[in-house]
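Here is a friendly walk through one protein model, written for someone who likes to have the structure open while reading. Please keep the viewer at hand as we go.

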Amino acid sequence: MEIRVLKYFLMVAREENITKAANLLHLTQPTLSRQLMQLEEELGVSLFRRSKHRIVLTEDGMFLRRRAEEIVALNEKTKDDFQHRQEHLAGTIAIGSGELQSSRFLTRLITAFQKENPMVTFTIYSGNSDNIKERIERGLLDVGLLQEPVDIAKYSFVRTPIREQWGVLVRADSELAAKDSLSPEELAGVPLIMPERETVQNELLNWFGPYAENLRITASGNLLYNLASLARDSGSCVLTLNLDCKYEGLRFVPISPGIESGTVLVWKKTQTFSPAASAFIDYSKKYISGIV
């Protein structure tokens with residue numbers, strides 16, 4: 001498979017129309033159709049279901065789309081890394097981060113680094129610790145900001161100075177919203193929305209102790225905006241970190257006894273980085289230790 005042909009495939013998958021895709025790619029329609037047929041022959045599968053007015057991806061086509069997006073992104077990142085090996089530090093650094101208080105620390109770190117290296121740009125991927133690690137493994141991210149608990153045996157890391165505080169988002173019109181803190185006993189009988197990550201769920205279940213068996217878990221997820229919307233409509237409570245964000249109709253209440261989570265900035269031990277990424281990692285170590 002050629003990168004060029006994968007880009008053709010992705011354009012057709014996006015437009016769902018050969019003619020539109022060919023025009024955007026500055027190709028003739030027969031040329032594009034022939035390239036797609038050759039790709040299908042090479043893979044031994046049908047990638048599209050064709051009708052008179054549009055084409056849609058088959059199951060194999062959807063699988064290839066996910067892989068092709070990753071391959072093209074990694075190809076572009078690799079080219080960018082080599083093109084910016086120059087006297088002045090330049091290039092693009094890919095960073096993953098969850099929804100965390102520590103994200104503000106990360107933005108201060110990025111801003112400080114860019115003041116000294118204005119030709120360096122950043123791409124930010126938002127996700128939880130598990131899918132950030134997955135993208136680091138695939139070479140799509142240089143660095144990740146991960147919430148603990150998390151397995152970082154394969155990574156080099158520096159620990160950030162920020163501690164994440166756990167609590168509950170509750171409806172502002174509920175009795176729970178008037179409390180200064182909430183205990184396991186008070187939450188045992190109410191519908192709960194949990195974080196998606198299994199390791200985090202286990203830590204929270206340990207906090208509930210003997211009340212864990214009686215929990216009413218109605219949903220789980222990893223994007224707080226969506227979970228907050230569900231809580232507002234359903235009356236469920238969201239177990240979440242305190243992000244100091246305002247959600248209409250909801251109030252954040254700390255849990256007691258309190259739980260705090262740490263965060264770590266990680267990168268692969270064995271990876272060869274671009275000059276920009278290497279410089280950022282070195283700068284991060286010094287910044288966190290207070291040297292810069």
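A residue counts as buried under 20% relative accessible area and as exposed over 50%, with partly exposed in between. Please bear in mind that this is a predicted model.

Let us begin close to the N terminus, with R4, which lies in helix 1 (residues 3-15). Because its relative accessible area is 33%, R4 falls in the partly exposed class. Between the C-alpha atoms of R4 and K115 there are 36 Å, and the two residues are 111 residues apart along the chain.

**Strand 10 and its partners**

Now turn to strand 10 (residues 237-241), where 5 of the 5 residues are buried. In a regular strand, side chains alternate between the two faces of the sheet. Here C237, L239 and L241 point one way, while V238 and T240 point the other way. Residues on both sides are buried.

Which strands pair with strand 10, and in what sense? The table sets out the two pairings.

| Partner of strand 10 | Sense | Bridges |
|---|---|---|
| Strand 7 (residues 164-171) | antiparallel | 4 bridges |
| Strand 8 (residues 191-195) | parallel | 2 bridges |

To find these pairings on screen, look for G167, which stands opposite T240 of strand 10. For strand 8, look for I193, whose bridge partner in strand 10 is V238.

**The nonpolar cores**

L239 of strand 10 turns up again in the largest nonpolar core, which has 55 residues. Together with L187 and F280, L239 touches the most other members of that core. What does L187 contact, once its neighbours within four places in sequence are left aside? Its contacts are V168, L176, L182, L192, W207, F208, L215, L239 and I255. Another core, of 21 residues, lies apart from the largest one, and F9, L10, I18 and A22 are among its members.

**The largest pocket**

Finally, have a look at the largest pocket, with a volume of about 220 Å³. Its lining is made up of 14 residues, and A73, K77, A94, T123 and L140 are the closest to the pocket centre. Helix 4 (59-83), strand 3 (91-97) and strand 4 (120-126) are the elements that each give two or more residues to this lining. Which element gives the most? That is helix 4, with 5 residues. Sorted by class, the lining holds 8 nonpolar, 2 polar and 4 charged residues.

Conventions
Residues are numbered from 1 along each chain as its sequence is written. This is a predicted model: local features need pLDDT of at least 70, side-chain atom pairs count only at pLDDT 80 or more; totals for chains, interfaces and linings use all residues. Side-chain values use heavy atoms; hydrogens and water are left out. Buried means under 20% relative accessible area, exposed over 50%, partly exposed in between (1.4 Å probe, protein chains only). Two strands pair if DSSP finds at least two bridges between them. On a 1 Å grid over the protein atoms alone, a cavity is a set of points where a 1.4 Å probe fits but cannot get out, and a pocket is an open set with protein on both sides within 12 Å along at least five of seven lines; lining residues have an atom within 4 Å of a point. Grid points are joined across faces, edges and corners, and a volume is the space filled by probe spheres set on the points. Ala, Val, Leu, Ile, Met, Phe, Trp, Tyr, Cys and Pro count as nonpolar, Asp, Glu, Lys and Arg as charged, and the others, Gly among them, as polar. A nonpolar core is a set of buried Ala, Val, Leu, Ile, Met, Phe, Trp, Tyr and Cys residues joined through side-chain atoms within 4.5 Å. Contact means heavy atoms within 4.5 Å.
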